[in-house]
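Me: Can you walk me through this one? I have the sequence and the model open.

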Amino acid sequence: MIRYSCDLCHRTLQPHEKRYVVRMDVFPGNEEIYPEDLEEDRDHLAELNQLLEGLDDEALEQPGCHQFRYDLCPQCYQRFVRNPLGREVSLPFNISQN
Ligand SMILES: [Zn+2]
């Protein structure tokens, strides 16, 4: 049985806990590269193998493209969706008046 652990807090997820998968694609916005197009060509078995290995070499074939995949526990998921880019949130939200 595959046991997952949270990639943020490194806690091992219990079988009854919901696991949240975060996938991020980074690619140059000025080029005609869309991850959706790349995925259509994918062999689903190969994709499954990549998931199991935690690797995604295919995304690295395109220069400037990176694909990230993380498993999150429910608590980290809640924090992640509120602040996906890990921006500073301790400061009160304010707009410069200058
Ligand atoms: Zn966590």
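Me: What share of the residues in the protein is buried?
Reply: Buried residues are 4% of the 98 in this predicted model.

Me: Which elements does the protein have, and in what pattern along the sequence?
Reply: There are three helices and two strands. Along the sequence they come in the pattern β-α-α-β-α.

Me: How do β1 and β2 run, and how many bridges join them?
Reply: The two strands run antiparallel, with seven bridges joining β1 to β2.

Me: How many of the residues in β1 are buried?
Reply: Zero. Strand β1 covers residues 20-26, and the count of buried residues among its seven is zero, so the strand is hardly covered by the cut-off of 20 or more other C-beta atoms within 10 Å.

Me: What is the bridge partner of methionine 24 in β2?
Reply: Phenylalanine 68 is the bridge partner of methionine 24. Arginine 69, also found in strand β2 (residues 66-72), has its C-alpha atom 6.4 Å from that of methionine 24, although the two are 45 residues apart along the chain.

Me: Why is arginine 69 partly exposed?
Reply: Because arginine 69 has 16 other C-beta atoms within 10 Å. Buried takes 20 or more, and exposed takes 12 or fewer.

Me: What about contacts: how much comes from residues 24 or more positions apart?
Reply: Of the contacts with a separation of 6 or more, 67% are between residues 24 or more positions apart.

Me: Different topic. What is phi of histidine 10 near?
Reply: It is near 65°, a positive value in a residue other than glycine. Most residues other than glycine have a negative phi. Histidine 10 is found in the segment before β1.

Me: Is histidine 10 buried or exposed?
Reply: Exposed, because histidine 10 has 9 C-beta neighbours inside 10 Å.

Me: Last thing, confidence. Which elements have the lowest and highest mean pLDDT?
Reply: Helix α1 (residues 35-40) has the lowest mean, 57, and helix α3 (residues 74-82) the highest, 96. The mean pLDDT of the protein is 79, and 58% of its residues reach 70 or more. Where pLDDT is low, the predicted coordinates should not be read in detail.

Note on methods: Residues numbered from 1 in each chain as written. Predicted model: local features only at pLDDT ≥ 70, side-chain atom pairs only at ≥ 80, totals over all residues. pLDDT = per-residue confidence, 0-100. Helix = DSSP H or I, 4+ residues; strand = E, 2+ residues; numbered from the N terminus. Contact = placed C-beta atoms within 7 Å. Pairing = 2+ DSSP bridges.
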